[in-house]
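Please examine the sequence and the predicted model shown below. The paragraphs after it may be read with the structure open for inspection.

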Amino acid sequence: MAEHDAILRIDHLTMRFGGLTAVDDLSFEARRGEITALIGPNGAGKTTVFNCITGFYKPTEGRMALAHGSGRALAQVDALTAGPHQSWSGDGEALYLLERMDDHDVSAKAKVARTFQNIRLFGGMTVLENLMVAQHHPLMRASGYTFLGLIGWPGYRRAERAAVEKSKAWLERIGLVDRADEPAGSLPYGAQRRLEIARAMCSDPVLLCLDEPAAGLNPRESADLNELLLSIRRDDATSLLLIEHDMSVVMEISDHVVVLDYGKKISDGTPSFVKNDPKVIAAYLGVDDEEVDAVEAEVGL
């Protein structure tokens, strides 16, 4: 398997809300084993793209193909598009057309996990319980979807022990072992961010989508976040797609950056390429392309 095969391919994605086009004919790839950042000014359509990928919205047009195994699975896209099916698998490969799937199947079958701009922990549950909740599906399978868990069925007990061990391992990684039995809502803001990411990772995703994970963090918390995300890329066979306004985070950890403005892609490449693209500078400064040089000179960029 090549390290940088595409794991997600977005083709001509369009999302309209009545007369408003929030995403306009967007195409890009997120590659396996990389951190891909989706950036752009407020209102550029970034969260709408995430909502389409994770099944919260059904796009007006376009295709979103996610491959397990390797990029070879993407060769089956055209065959799936011609038929009614939403997935294909064989020889260790699997392919999912996300636009045809319900949101719970995007998570459970395609193995796409997500965090939100506004933290959505279960504040009244303990830190450990928040991580256990993310493993609900395997625990329910182990119970046979019946009362077997209540009577201590051996298979369920094994699954429960495995879930607890996985939760403890993530608590170690995010530095919250000592607070496992405290309510999640009592944690400091930065710790809640890390816990939300750990909860998403407890579902064993192949693609983790993060909506502004650095929002509201101080510099130390932001550095801790960077370290966590880089460790996920390195150690967990998980590719990352993130929306982020903090350009220090984007430029430090991203392998690939896609830039949106008013729903359209205006740049796509490495962080250094995107940072110096006149179209990107114009979008962030709020000026036309031909005015970039003058404004840069005026503000000393």
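The account that follows begins with a sheet and then turns to the nonpolar cores.

In this predicted model, six strands form an open sheet with mixed pairing, arranged in the order β7-β8-β9-β3-β10-β11. Strands β7 (112–115) and β11 (264–269) occupy the edges, and each has a single partner strand, so one side of each is left without a neighbour in the sheet. From one strand to the next, the twist averages 15°.

Within this order, β3 and β10 deserve attention. Strand β3, spanning residues 35–39, pairs with strand β10, spanning residues 256–261, in the parallel sense over four bridges. Ala 37 is found opposite Val 257 in β10. Helix α8, formed by residues 219–235, lies across β3, β8 (207–211) and β9 (239–243). The helix runs at about 150° to β9.

Attention may now pass to the nonpolar cores. The largest comprises 38 residues, and those with the most contacts inside it are Trp 170, Leu 195, Ile 197, Leu 208, Leu 229 and Ile 232. Helix α7 (residues 189–201) supplies the largest share of this core, namely six residues.

Which residues is Leu 195 in contact with, leaving aside its neighbours within four places in sequence? They are Leu 121, Val 127, Asn 130, Leu 131, Ile 174, Leu 176, Ala 184 and Leu 187. A second core, separate from the largest, has 31 residues, including Met 15, Leu 38, Phe 50 and Tyr 96.

Note on methods: Residues are numbered from 1 along each chain as its sequence is written. This is a predicted model: local features need pLDDT of at least 70, side-chain atom pairs count only at pLDDT 80 or more; totals for chains, interfaces and linings use all residues. Side-chain values use heavy atoms; hydrogens and water are left out. Two strands pair if DSSP finds at least two bridges between them. Helices (H or I, at least four residues) and strands (E, at least two) are DSSP runs, numbered from the N terminus. Axes are lines fitted to C-alpha atoms, for helices over the stretch in contact, and angles run from 0 to 180 degrees between N-to-C directions. Contact means heavy atoms within 4.5 Å. A nonpolar core is a set of buried Ala, Val, Leu, Ile, Met, Phe, Trp, Tyr and Cys residues joined through side-chain atoms within 4.5 Å. Buried means under 20% relative accessible area, exposed over 50%, partly exposed in between (1.4 Å probe, protein chains only).
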